[in-house]
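Biologist: I would love a close look at one part of this protein, the place where its aromatic rings meet, and then at what surrounds it. Could you walk me through it as you would for a first-year student?

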Amino acid sequence: MPMIEPVSGMPRKAQVFAFIVEQLVLTRQVPPIEGMTRPVQAFAFICTELVRTNRSPSLEEIARHLGVAKSRARDLVVSLRHAGVVLQVPGAQRALVVPGLERRMAIEALRREGFIVDEDIMTIRPSTPVQVPIVAVIEHRLAHDDPRQSAA
C-alpha cells in the first residue's frame, strides 16, 4: 500500500487529498487509506469520476455511491468546497472541479507519450533530440514587388 509522505507545514487532511489526486492520476485507482472519512470518500469518488468519465458526478451519484441521502451528499460537497479542495460553478448541476487535477492529468499524459515536463518552469520538450531537416527558404518576389525594379 502506498504511503502518504508527510509534508511539513501542510495539514494532514490536505496531504490526504493531494495523495489521492496524485495516485489517481498515476494509477487510475483510489489508494486504500486507513480510516477514510466520509468527506475523503466523497472527494475520492468525485476525483475518480472526473478522471474516469471526464465529467463531474451528480449529487445523486455521490449519494448512491456513499450509501447516504442526497442531503448528506450535498453537505459533504459543501464541506469539501469550504476546505478548498473542490470548486463548484453556481447554478450548474454537474459542476464540481478539483483544482489542479486536469493539469496533473495533462502532465502525466505528456509523460506517457515520452515528453519530459519540468513542472517548476512548465517547459515541455521531447525526451529524445529530434532531427529537424534543413529546409531551404526560398523567397519569391514578383518583378513589380522588387524595390530595385520600381526605382528605375
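Modeller: Happy to! A search through the whole of this predicted model turns up 1 aromatic pair. Its partners are Phe17 and Phe43, which meet edge-to-face. A pair of aromatic rings is described by the distance of the centres and the angle of the planes. Here the centres are 4.6 Å apart, and the planes stand at 65° to one another; an angle over 60 degrees is what counts as edge-to-face. Phe17 belongs to helix H1 and Phe43 to helix H2, so the pair ties together parts that lie 26 residues apart in sequence. Are these two rings buried or exposed? Both Phe17 and Phe43 are buried.

Now let us look at the surroundings. The largest nonpolar core has 31 residues, and Phe43 is among those that touch the most other members, together with Ile20, Ile46, Ile62, Leu80 and Val98. Helices H1, H2 (38–53), H3 (59–66) and H4 (70–83) are the elements that each give two or more residues to this core. H2 supplies the largest share, 9 residues. Take Ile46 as an example: leaving aside residues up to four places away in sequence, Ile46 touches Pro57, Ile62, Val77, Leu80, Leu96 and Val98. Three of the names you just met, Ile62, Leu80 and Val98, are also on the list of residues that touch the most core members.

Ile62 brings us to H3. In this helix, Leu59, Glu61, Ile62, Ala63 and Leu66 are buried. What do they pack against? The buried residues of H3 pack against H2, H4 and strand E2 (96–97). Right after H3 comes Gly67, with a positive phi near 70°.

Let us return to H1, the helix that carries Phe17. H1 spans residues 12–27, and it also packs with helix H5, residues 101–112. Two packed helices are described by the angle between their axes and the distance between the axes. For H1 and H5 the angle is about 35° and the axes are 10 Å apart. Their crossing is right-handed. On the H1 side, Val21, Glu22, Val25 and Leu26 make the contact, while H5 contributes Leu101, Arg104, Met105, Glu108 and Arg112. Sorted by type, the residues of this contact are 5 nonpolar and 4 charged, with no polar ones.

The loops on either side of H2 are worth a visit too. Most residues other than glycine have a negative phi, and most peptide bonds are trans. Arg28 is not a glycine, yet its phi is positive, at about 65°. You will find Arg28 in the loop between H1 and H2. With 45% relative accessibility, Arg28 counts as partly exposed. Asn54, in the loop between H2 and H3, also has a positive phi, near 65°. Asn54 is exposed, because its relative accessible area is 60% and exposed means over 50%.

Finally, step back to the whole chain. The protein has 6 helices and 4 strands, and from the N terminus they run α-α-α-α-β-β-α-β-β-α. Of its 152 residues, 32% are buried, and Phe17 and Phe43 belong to that buried group. Among contacts between residues at least 6 apart in sequence, 38% join residues at least 24 apart. Our aromatic pair, with its partners 26 residues apart, ties together H1 and H2 in just this way.

Definitions and conventions: Residues numbered from 1 in each chain as written. Predicted model: local features only at pLDDT ≥ 70, side-chain atom pairs only at ≥ 80, totals over all residues. Heavy atoms only, no water. Axes fitted to C-alpha atoms, helices over the stretch in contact; angles between N-to-C directions. Left-handed = near helix turned anticlockwise from the far one by under 90°. Contact = heavy atoms within 4.5 Å. Nonpolar A, V, L, I, M, F, W, Y, C, P; charged D, E, K, R; others polar. Core = buried A, V, L, I, M, F, W, Y, C linked by side-chain atoms within 4.5 Å. Buried < 20%, exposed > 50% of the residue type's maximum accessible area, 1.4 Å probe, protein only. Phe/Tyr/Trp six-rings, centres within 6.5 Å; stacked < 30°, edge-to-face > 60°.
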